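Work through the exercises below with the coordinates open. Try each task before reading its solution.

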Amino acid sequence: MGMALSHTHPGAQEGQPVTVLGLESSCDDSAAAIVRLHGDGRAEVLAERVINQNSDHAPFGGVVPEIAARSHAERMDHLAREVMEEARLEFGALDAIAATAGPGLIGGVMAALMTAKGLAIGAGKPLIAVNHLEGHALSPRLVEPLPFPWLLLLVSGGHTQLVSVEGVGQMTRLGSTIDDAAGEAFDKSAKVLGLGFPGGPALEKLAAEATDPSRFPLPRMLAHDKSCNFSFAGLKTAVKRSYDAVEAPTDANRADLAAAAQAAIAAHLAERTGRALDLYAAHNPQARVLVAAGGVAANTAVRKALIREAETRGFRTLFPPLKYCTDNAAMIALAGAERFRLGISDDLDVPARARWPLDSGAASDDPLLGSGKKGPKA
């Protein structure tokens, strides 16, 4: 079956609020939220729920897709009912029902999307299939009615890319990882050091105890590459080799290596973002806003490094609140509301997608990022 296309409808009348139920299950967080997008662009979160699966995946040191999918399937309809009850709304009061349709772990993506399809049919409401990455891209508008455009650094466990956000459905990719995401580098480094899952917060906590981070020199990734792309695979290997070379690992050794790994990740993110800021500013001299979203954007060292790069170029740095940096359904509901307002909705046969680039053209044209039967990766 081919890809079902989005189609248009009259949309919301100008100035009228739009109320949307959003569902999210792309990785290991099950989430539901109701967002009301007011006529002046202000977003109001009426209710939200997020259930993580950290305890389910901790014994394995990472997310197990089959466990995640089963957990999502058991929870999604309950979460939808809970947020509707919290918001004191009937389904008839909704304008549309939105769900993540990709990218992500396909079994998980299907849980939210199939639940949303059933609810849309039962309530007679439009279905809106949301790109999870666009949810992150639009997430700062949950906090303030930020005008387009802005430069986005999306940095999480599964994605690391720089995108010019010009409007709803209008994204231009400036750079992406050619191998692993920054969040994976955090998690794998944490695993080497014997830390728990999720590894990023654990590694940051251990790094705060370091006394000499410089004792473990780690490589500078893509040192001679002039693009805005990222690479983290070599760093993971270097962390493991450094740790294996320590004759008698101590808490001090582990803390110093954690700090070195964190500093290397932050520096690489900041360096490539700086290049993207220069490129972006050349085309958008007045729109000087850098948004950093995704779970890794919560890391203090990463934030400080990004703020330094932005300030030297006259950019304001905006970080969505922590609960909207990590996976959540409020951003999915908001993206759905933004699309509904423009008169965009989807057919009920829209499929779940493991891959779904924000900028399909750039992703398809870049041989470094790779492609396959499911489409371009980035």
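## Exercise 1: Glutamate 204 and its helix

Glutamate 204 lies in helix 6. The model is predicted.

**Task.** Decide whether glutamate 204 is buried, partly exposed or exposed, and find what it touches beyond its sequence neighbours.

**Solution.**
1. Take the relative accessible area of glutamate 204: it is 23%.
2. Apply the cut-offs: buried means under 20% and exposed means over 50%, with partly exposed in between. Glutamate 204 is therefore partly exposed.
3. Leave aside neighbours within four places in sequence. Glutamate 204 is then in contact with Gln262, Asn299 and Thr300.
4. Check the record. UniProt, in an unreviewed entry, lists Glu204 under "binding site", along with others including Asn299, Ser156 and Gly158.

## Exercise 2: Helix 6 against helix 8

**Task.** Describe how helix 6 packs on helix 8.

**Solution.**
1. Start with what to report. Two packed helices are described by the angle between their axes and the distance between the axes.
2. Set the ranges: helix 6 covers residues 199–207, and helix 8 covers residues 251–283.
3. Read the geometry. The angle is about 115 degrees, and the axes are 8 Å apart.
4. Give the handedness: helix 6 passes helix 8 in a left-handed crossing.
5. List the residues. From helix 6 come Leu203, Glu204, Leu206 and Ala207; from helix 8 come Arg254, Ala255, Ala258, Ala259 and Gln262.
6. Sort them by type. The contact divides into 6 nonpolar, 1 polar and 2 charged residues.

## Exercise 3: Three annotated residues

**Task.** Where do His132, His136 and Asp327 sit relative to one another, and why can they be said to gather at one spot?

**Solution.**
1. Note the source. A UniProt "binding site" annotation in an unreviewed entry covers His132, His136 and Asp327.
2. Compare sequence with space. The three span 196 residues in sequence, yet no two of their C-alpha atoms are more than 8.7 Å apart, so they gather at one spot.
3. Place histidine 136. This residue is in helix 4, residues 132–138. Its relative accessible area is 1%, so histidine 136 is buried.
4. Place aspartate 327. This residue is in the loop between helix 10 (322–325) and helix 11 (330–341). Aspartate 327 is also buried, at 15%.
5. Trace the contacts. Aspartate 327 touches both His132 and His136, and its other contacts include Glu24, Cys27 and Asp29. Histidine 136 touches Asp327 too, with Leu152, Leu154 and Met331 among its other contacts.
6. Add the polar link. The side chains of aspartate 327 and histidine 132 are joined by a polar contact of 3.1 Å.

## Exercise 4: The surroundings of serine 156

**Task.** Which residues does serine 156 contact, leaving aside neighbours within four places in sequence?

**Solution.**
1. Locate serine 156: the loop between strand 7 (150–155) and strand 8 (160–167).
2. Classify serine 156. At 11% relative accessibility, it counts as buried.
3. List the contacts: Ala181, Ala182, Gly183, Glu184, Gly294, Gly295 and Val296.
4. Follow one partner. Glycine 183 is in helix 5, residues 182–192, and counts as buried at 5%.
5. Look from the other side. Glycine 183 touches Ser156, Gly157 and Val296.
6. Take a distance. Glycine 183 and glycine 158 are 25 residues apart along the chain, but their C-alpha atoms are separated by 6.7 Å.

## Exercise 5: Backbone checks

**Task.** Which peptide bonds to proline 103 and proline 149 are cis, and which phi values do arginine 88 and leucine 222 have?

**Solution.**
1. Inspect glycine 102 to proline 103. The bond is cis, with omega near -15 degrees. Proline 103 lies in the loop between strand 5 (96–102) and helix 3 (106–123).
2. Inspect phenylalanine 148 to proline 149. This bond is cis, with omega near 0 degrees. Proline 149 lies in the loop between helix 4 and strand 7.
3. Turn to arginine 88. Its phi is positive, about 55 degrees, although arginine 88 is not a glycine. Arginine 88 is exposed, at 78%.
4. Finish with leucine 222. Its phi is positive, about 50 degrees. Leucine 222 is partly exposed, at 23%, in the loop between helix 6 and helix 7 (233–244).

Methods
Residues are numbered from 1 along each chain as its sequence is written. This is a predicted model: local features need pLDDT of at least 70, side-chain atom pairs count only at pLDDT 80 or more; totals for chains, interfaces and linings use all residues. Side-chain values use heavy atoms; hydrogens and water are left out. UniProt positions are given in the numbering used here, feature names are shortened, and annotations may be inferred rather than shown by experiment. Helices (H or I, at least four residues) and strands (E, at least two) are DSSP runs, numbered from the N terminus. Buried means under 20% relative accessible area, exposed over 50%, partly exposed in between (1.4 Å probe, protein chains only). Contact means heavy atoms within 4.5 Å. A polar contact is a pair of N or O atoms within 3.5 Å; within protein, one must be able to donate a hydrogen and the other to accept it, and residues adjacent in sequence count only if both atoms are side-chain atoms. Axes are lines fitted to C-alpha atoms, for helices over the stretch in contact, and angles run from 0 to 180 degrees between N-to-C directions. A crossing is left-handed if the near helix is turned anticlockwise from the far one by less than a right angle, and right-handed if clockwise. Ala, Val, Leu, Ile, Met, Phe, Trp, Tyr, Cys and Pro count as nonpolar, Asp, Glu, Lys and Arg as charged, and the others, Gly among them, as polar.
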